[in-house]
Amino acid sequence: MEAKDKFIIDTILDTYSNIDDPQLVILQNIQEILGYVGEEYLTYVSENSEYSLTELYGVVSFYPQFRFDPPGKHTIKVCSGTACHVRGGSGIAQELEDILEIKPGGTTKDGLFSLESVRCLGCCGLSPVIMIDEETYGRVKKGGLQKILDSYKTEEVAE
Amino acid sequence: MTMVVSDVESVKSAQTAPKYKVGIFDFASCEGCELQIANLEEDILELLDTVEVVSFREVMKEHSDDYDIAFIEGSINRPVDEKRLKEIRANAKILIALGDCATTGCVNKLRNQWPDAENLKEVYADADIANNEYFDVFPTKKLNEVVDVDFYIRGCPVRKEQVLYYIRRLTTMAPRKNLDLRFGVTAREMEADTRSIIQYDPQKCILCRHCDIVCNEILDIHAIGLTNKGNESIISTPFNKGLDDNKCISCGQCLVNCPVGAFSEHSDVEKAIGLLDDPNNFVVFAIDLTAAAAAMEVLPTDRDDFGEALGSLIASLKSLGADRVVDFTHFNYLSLAAQGTYVSENDDMVFTSWCPSANSYIRKFHPEFKKNLQKVSSPEQMMLDVLGERYTKGEKTLKIILLSPCIVHKGNSKIDAVLTARELPRLLKQKGVDIDFHDPADGVFDCELGLSSVFVKGASSDYAYSLAIIQTAYMRKFNNLDARLAVTTLEDYVHEMAFDSEEGFFNALIIEDLAKASKYLTKDIAKRYNVVEFYPCFHGCLTGGGTIPTTSIDIIDQRRDYLRNFKGESKGPVWFSKQIIEAYDKQIKGGEF
């Protein structure tokens, strides 16, 4: 672990040393600043606070907001809200998992995409919906996903 | 979701057999459990062969008050809810609480810790909600605080397979009242973790967290914990690294505290049978009596007397192919003498615990004390040395099977097979042995070593062995025990013990509660004590990780009584120490056994 990361975590631990049970806020801050709560970060926190690694891992694995791996260049959010679910959202999520070979919360090997499962994105009329970064894709079909993903890969090559 | 309704109609017209009418209702909840039913997808078609859904607000507009079975999600918060629930109860023949809100009140009940008025003020501030029945709340109630509930399906949310299972069950079998419907399905298709000697099967786990509490809160080890949420919840090591690559010390307390067998040991039963069946092997079966005492609770025998049952057991093991059956206590005694000798000759503090888990604890949590781990032979090593010397002269290959109260020995590759008290009856059953068929008189231990076969008062716990070690050290050095024994209890489960006279001084620290160990393992401990002993299991080896699960002090006392009545108690410390020193010297000199 880099000295810079250690310094950041030390600062976070120090900042919240005076509040009651700061576990969650420490983890949120690490995710906010360092992008994810990886194994080495959690281990470092467990060694320098009252929280054990099992406890921290339990909390991090409980909340979908936390990620264990560094985020990819593009973040894909798949809606699993009621409307999207009814219109086949789980099939879309499964298809994306198959294409990218990752689970929600994971990042592809090339670091290009990370996948997240989210609740309602607020545009149920377009269900099923996915978002890639700030771009929303509505009424997506299983067969059309590869094309959407390819457009990001092409962009990458062009750069 | 109109599909569902039209399917109901089509199936209804196609079939004439009377169907059970089902109503699905919700009160204060997130409707997630109902969503699980809506998510049954194609399974719902099969369901509609036997039931007709007459009310299900989440997915259909139609409603009828004519139903046989009512599924109810949510908790009760208002007089209007209470009234409606009572009406549903009056209409339904069977009422089922669906999910945790209905069964326990779940998160809704959290607000009961504050007055209702305060809650309303907090949420609705100055909004005008007076005289509005929607806001007329009382403290949250679970369903059975208002009406009789016939069945409970737990979960947040419930598992959809579970709902399906019970609808099928209710429509084809006569239901039993007040049955907790948690078990009976293996819907979680998760693989068992079989990477280490302690194995975990999530299919069996009911997430009671006994293991979690023992490991984290009582023992302070932090090897396992509750991970993920909802249906995905399991007990796991951080980052699923497995127990071997982790803080786990293999004490097995997760295993003996598991009420459903989700945690289990890696079984050596097949291996032991293989060893016994091979005619080229010379098999020595070593029995640790604490394990045998615990096994009395599960052995298939009608004998009440421990000695008789043990005799029959020894005879049956011999009939199975064991060439020798030996008492492991002998090696405990040899080890006591060895440790006493070490302490009498060296000034270093030594951790005398034989428990490999306790040693593992030092290596993983206090590596600064590695140099103080016992250097002399542990009972297992004594066993390997003695048996190796005695039984390798023939043409056959020596194989050792140990019946142990502790699973940690399974990690010792020098012992060919290690059985726990739970595995012993399985071995007998697989070989079809009726131990009562064997005469107790035919079963006596081999390998006497000229040792006193006595029970150290309170042995296997209550610091009896530590006392024996410093007594032996004293005896060895000064050839008498004319010293003052002082036992001081520093706090609950932590004792100091000292032998003091003008001739010399030996003292010991005994920590019976592992969570307190770190507090005492400080720099100056090495200067203050000759002997430090601690063990992870709560009454020592009598409740070790390889015994039969129990939390009853009566059962533990029963196990202790078995040993005491079988061997008889030591006549006195001087006599006992002399006996074991003599036997140890004989063994060291390579004399005749």
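The following paragraphs describe two sheets and the helices that pack on them, one in chain A and one in chain B, in what is a predicted model.

In chain A, four strands make up an open sheet of mixed pairing, and their order across the sheet is β2-β1-β3-β4. Because β2 (113-118) and β4 (135-137) of chain A each have a single partner strand, they stand at the edges, and one side of each is left without a neighbour in the sheet. On average, and with direction ignored, neighbouring strands of this sheet are turned by 20° against each other. Strands of a sheet pair through backbone hydrogen bonds, in either the parallel or the antiparallel sense. For β1 (residues 74-79) of chain A and β2(A), the sense is parallel, and the pairing extends over six bridges; within it, A:T75 has A:S114 of β2(A) as its bridge partner.

Two helices of chain A lie across this sheet. Helix α6 (residues 89-100) of chain A crosses β1, β2 and β3 (130-132) of chain A and runs at about 150° to β1(A), while helix α7 (residues 145-158) of chain A lies across β1, β2, β3 and β4 of chain A, at about 5° to β3(A).

Turning to chain B, five strands form an open sheet, again with mixed pairing, in the order β13-β19-β18-β17-β16. Its edge strands, β13 (350-351) and β16 (484-491) of chain B, each pair on one side only. The strand β13(B) runs parallel to β19 (residues 531-534) of chain B and is joined to that strand by two bridges, with B:V350 standing opposite B:V531 in β19(B). Helix α17 (residues 464-478) of chain B packs on the sheet, where it touches β16, β17 (494-500), β18 (505-511) and β19 of chain B, and its direction makes about 170° with that of β18(B).

Methods:
Residues are numbered from 1 along each chain as its sequence is written. Chains are lettered from A and ligands numbered from 1 in the order in which they are written. This is a predicted model: local features need pLDDT of at least 70, side-chain atom pairs count only at pLDDT 80 or more; totals for chains, interfaces and linings use all residues. Side-chain values use heavy atoms; hydrogens and water are left out. Two strands pair if DSSP finds at least two bridges between them. Axes are lines fitted to C-alpha atoms, for helices over the stretch in contact, and angles run from 0 to 180 degrees between N-to-C directions. Contact means heavy atoms within 4.5 Å.
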